[in-house]
Amino acid sequence: MEQKKILYVNSCVRKESRTDRLSKVLLNKLGAYEEERLTDIDIKPLNEERLNYRMSQQEKGNYKDKIFDLAKRFAEADVIVISAPYWDGQFPAILKIYLENIYAIGVVTAYGPDGGPQGLCKAKKLYYVSTAGGNFDPRFSYDYVSSLVKEMFGIPETELIYAENLDMEGNDPESILAEAMNKLR
Ligand SMILES: Cc1cc2nc3c(=O)[nH]c(=O)nc-3n(C[C@H](O)[C@H](O)[C@H](O)COP(=O)(O)O)c2cc1C
């Protein structure tokens with residue numbers, strides 16, 4: 001049987017990240033994976049120059065250009081795990097930069113016959129893993145990513161895994177984390 005391609009999109013910033021630790025429990029269950037550690041790779045927001053360059057390559061149909069490499073890896077994965085600490089009611093900015101870099105028409109999505117989006121991604125499932133210092137509110141984090149990948153990228157199923165209230169006074173973050181990890185095992 002062909003090995004499933006599992007892509008780990010790691011937007012955790014801290015070396016000792018608890019979100020990364022929680023994600024690793026899930027990944028160990030899923031099997032061998034490739035990691036995209038966003039703070040270690042060379043991605044930048046789309047300024048005018050990069051945007052125009054990408055559009056010119058799209059118009060030529062030159063999807064071999066390295067500007068599409070990240071998007072192609074995302075589109076070709078069978079299972080995707082996004083790991084993102086809960087920051088400012090959302091997630092670290094590097095994840096938004098990643099999303100705008102992979103959102104390439106002709107790679108992760110295309111315009112369907114009715115002019116609406118038609119997802120091109122192979123993955124049937126995307127997991128979103130997070131940890132929060134206080135209450136985790138999914139509205140601008142998981143809900144946003146989930147809508148984006150379902151409606152635009154064609155990934156039919158998403159699942160949220162999280163641990164919350166880790167930084168609340170009187171709470172023991174390690175035992176909250178252990179409980180979330182045990183649920184996954
Ligand atoms: C820049 C920054 C912003 C944060 N914003 C929030 C927030 O809006 N709400 C909240 O509950 N916790 C917030 N926190 C706390 C983190 O969600 C919490 O410590 C989380 O477990 C960090 O994940 P990590 O261990 O993977 O880095 C923030 C932490 C940082 C460093």
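Ile161 is buried, at a relative accessible area of 9%. That value comes from a predicted model, as do the others I will give. Ile161 sits in strand S7, which runs over residues 157-163. One distance from there: Ala123 is 38 residues away from Ile161 along the chain, and the two C-alpha atoms are 18 Å apart.

Past the end of S7 comes the loop that leads to helix H6, residues 173-184, and Asn165 is in that loop. Its backbone is worth a look. Asn165 is not a glycine, yet its phi is positive, at about 65°. As background, most residues other than glycine have a negative phi.

Asp88 also has a positive phi without being glycine, and here the value is near 50°. Where is Asp88 found? It is in the loop between strand S3, residues 79-83, and helix H4. Buried or exposed? Asp88 has a relative accessibility of 80%, and the cut-off for exposed is over 50%, so Asp88 counts as exposed. That figure takes only the protein chains as cover, so the ligand is not included in it.

That brings me to the ligand, because Asp88 takes part in a polar contact with it, a contact being a pair of N or O atoms within 3.5 Å. A backbone N or O atom of Asp88 is 2.9 Å from a ligand nitrogen. On the side-chain side, Thr19 places an N or O atom 2.6 Å from an oxygen of the ligand. Gly133 uses a polar backbone atom, 3.1 Å from a ligand oxygen. Taken alone, the ligand has 640 Å² of accessible area, and the protein covers 73% of that.

Which residues come nearest to the ligand? There are 15 residues around it, and the nearest are Ser17, Thr19, Tyr86, Thr131 and Asp167. Sorted by class, this shell holds 6 polar, 5 nonpolar and 4 charged residues.

Now the empty space. Rolling a probe the size of a water molecule over the atoms shows where such space is left. For pockets, the largest has a volume of about 420 Å³. Its lining has 14 residues, and those nearest the centre are Asp42, Ile43, Lys66, Ile67 and Asn101. Helix H2, residues 48-60, and helix H3, residues 69-76, each give at least two residues to this lining. H3 has the largest share, with 3 residues. What classes make up the lining of this pocket? There are 8 charged residues, 5 nonpolar and 1 polar.

For cavities, the count is 1 at 30 Å³ or more. The largest cavity holds about 30 Å³. Leu46, Arg50, Arg54, Ile67 and Asn101 line it. By class, that lining has 2 nonpolar, 2 charged and 1 polar residue.

Asn101 is in the lining of the largest cavity, and it was also among the residues nearest the centre of the largest pocket. So, a few words on Asn101, which belongs to helix H4, residues 93-102. Why does Asn101 count as buried? Its relative accessible area is 13%, and buried means under 20%, so Asn101 falls on the buried side. Its side chain also has a polar partner: one of its polar atoms is 2.9 Å from the backbone oxygen of Lys44.

To go back over two points: Asn101 is buried in H4, whereas Asp88, in the loop before H4, is exposed.

Conventions: Residues numbered from 1 in each chain as written. Predicted model: local features only at pLDDT ≥ 70, side-chain atom pairs only at ≥ 80, totals over all residues. Heavy atoms only, no water. Near = heavy atom within 4 Å. Polar contact = N/O pair within 3.5 Å; in protein donor to acceptor, adjacent residues only side chain to side chain. Areas by Shrake-Rupley, 256 points an atom, 1.4 Å probe, with all protein chains shown as cover. Nonpolar A, V, L, I, M, F, W, Y, C, P; charged D, E, K, R; others polar. 1 Å grid on protein atoms, 1.4 Å probe; cavity = no way out; pocket = protein on both sides within 12 Å on 5 of 7 lines; lining within 4 Å. Points joined across faces, edges and corners; volume = space filled by probe spheres on them. Helix = DSSP H or I, 4+ residues; strand = E, 2+ residues; numbered from the N terminus. Buried < 20%, exposed > 50% of the residue type's maximum accessible area, 1.4 Å probe, protein only.
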